[in-house]
Amino acid sequence: MKQTNTHPLIADYLDQVCRHVRATEMHRRIRDELESHLLELMDEQMDEGLGEEEAVRQAILQMGDSAVVGKQLHQIYKPKVEWRLLVYVVAFLAVGLLTMYGTPVNFFEEKLDKYWLSALLGIGVMLVVAFTDYRKLLPYSLHVYVLTVGVFLFVIWYEYTVYERVIVHFNRFGIFDFGTISMYLFLISVAGMLLTRSWRFRSTASKLIVFVFLPTIFLLMTQQYLNLKLYLFGFVVLLMYTKTVKKEKLPLFITSAGAYVATELLDYHTFNMLMDWMQPMKDPEGGGYYYLVAMDAIRSAGFWGKGFGAPLQFPLIDSDFKFTYLIHSYGWSAGLVILFFVTLFMMRLARVVGEVDEPYGKHLIVSIVPLFSVYFLWPLLMSTGMLPFADLEIPFLSYSRIGTALAHFAVLGLVLSVHRHRNSIGKPHTFVAK
């Protein structure tokens, strides 16, 4: 699109340059910067005595061929996929699925079907989200929040809470867990609302109600203690990054901390699990059973393990204690390899956070990446007895409920989308005429 106040030759040159740049959102900035350079060159030529028409031609000639400049700008601003993160995810899925075949668990065929379903659906969801511009989500932040609250009201009204899980029936595959999804949806919506102009001028009381009280009430009413603690953790991390006045942050920090402490007190399992972890021999047939069997399985594994399909009478070896069973079957060598690649994965996620400057994208991933750290590191340390039990599965590597698995895939896709568009946002590259 040509500018009416621009010389026709310059406008035509800018049109030709922009034809080669697929990041259309950058066209306006590219045109403004290139036109500024061309006008400077044009003034220099006119100062040397050339007429306007010839000065424009000389300026364009000095700027360079439009196709070459356009292709250079396209390389700078084209969306780039973080393929290394995708490789890690596929590797985790491959290890999880292959080792699942040798895992002695009840309902093996049903769980294997769900694992394959969540893997295939999850990869599709992740790619769709990754190749969608995440910025389109910002205007709908409040809508996402209202939708999440609406699902909770539906669940509470129809009493779809079973064994501390928010459930929705999903054809023959049984229960679709909404708990983890809701935690991520709350964080994504809050990340957007914190940046929305209308929310910047809301009172502190309204922010306390929307950002802390309502999520806490709904998650407590559906007994989502763990997801509530994860939400509060992610929200506090997000709040630390958010640029706002300290006197507004302080009540949110204090209220979030109070909600976290209240959740710990209301969840009577927390104290019992902590005591069982600290003194497993006090109740070796009860709460201490997990830790004693896990430690024995790891100690007896050796460097190469007991082999494929090694028997182990121990619950949750396909999910929460998948890492324990992997060490038991394939030894500490396999455990060290997995730990190495998990570390690389987390380091890559941390690097993605550092590479993004756009405020909304930064808000999204600054709350998601720390949660991913918890989901990966806690089960690994828990499986080796270094942390108390928590109902957390290693994303992609462990068998988990379909809702939980899809939530992890979707938010990782969101991270990939933010990273993919990082070069198409911000100040354009400055070209110096040759």
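Modeller: Let's start with Leu 230, which touches Met 183, Leu 371, Val 374, Tyr 375 and Leu 392, leaving aside residues up to four places away in sequence. Bear in mind that this is a predicted model.

Colleague: Happy to. Where is Leu 230 found, and why does Leu 230 count as buried?

Modeller: Leu 230 sits in helix α11, residues 225–241. Its relative accessibility is 5%, and buried means under 20%, so Leu 230 counts as buried. The C-alpha atoms of Leu 230 and Pro 370 are separated by 9.8 Å, although these positions lie 140 residues apart along the chain.

Colleague: Which residues touch the most other members of the largest nonpolar core?

Modeller: Tyr 231, Phe 345 and Phe 372 do, in a core of 95 residues. Helix α16 (residues 359–383) gives the most to this core, with 12 residues. As for Phe 372, its contacts include Tyr 184, Phe 345, Met 346 and His 408, not counting residues up to four places away in sequence.

Colleague: Now to the charges. What makes Asp 318 and Lys 111 a salt bridge?

Modeller: The cut-off is a nitrogen within 4 Å of a carboxyl oxygen. The closest N and O atoms of Asp 318 and Lys 111 are 3.0 Å apart, so this pair forms a salt bridge. The pair links distant parts of the chain, 207 residues apart: Asp 318 is in the loop between α14 and α15, and Lys 111 is in helix α6 (residues 108–130).

Colleague: Is Asp 318 buried or exposed?

Modeller: Buried: its relative accessible area is 3%, against a limit of under 20%.

Colleague: How do you know that Glu 355 and Arg 351 are separated by about one helical turn?

Modeller: Both are in helix α15 and they are 4 residues apart, so about one helical turn separates them. Their side chains meet in a salt bridge at 3.2 Å, N to O.

Colleague: And why is Arg 351 called partly exposed?

Modeller: Partly exposed lies between the 20% and 50% limits. Arg 351 has a relative accessible area of 48%, so the label applies. Glu 355, at 26%, counts as partly exposed too.

Colleague: One last point: which residues make the nonpolar surface patch of about 550 Å²?

Modeller: Phe 303, Trp 304, Trp 332, Leu 336 and Leu 339. Phe 303 lies in the loop between α14 (289–299) and α15 (322–355). With a relative accessible area of 44%, Phe 303 is partly exposed. Patch residues need over 30%, so the 44% of Phe 303 meets that requirement.

Note on methods:
Residues are numbered from 1 along each chain as its sequence is written. This is a predicted model: local features need pLDDT of at least 70, side-chain atom pairs count only at pLDDT 80 or more; totals for chains, interfaces and linings use all residues. Side-chain values use heavy atoms; hydrogens and water are left out. A nonpolar core is a set of buried Ala, Val, Leu, Ile, Met, Phe, Trp, Tyr and Cys residues joined through side-chain atoms within 4.5 Å. Buried means under 20% relative accessible area, exposed over 50%, partly exposed in between (1.4 Å probe, protein chains only). Helices (H or I, at least four residues) and strands (E, at least two) are DSSP runs, numbered from the N terminus. Contact means heavy atoms within 4.5 Å. Patches are made of residues with over 30% relative accessible area and no salt bridge: like charges are joined within 9 Å, nonpolar side chains (Val, Leu, Ile, Met, Phe, Trp, Tyr) within 5 Å. Accessible areas come from the Shrake-Rupley method with a 1.4 Å probe; for residues, only the protein chains shown count as cover.
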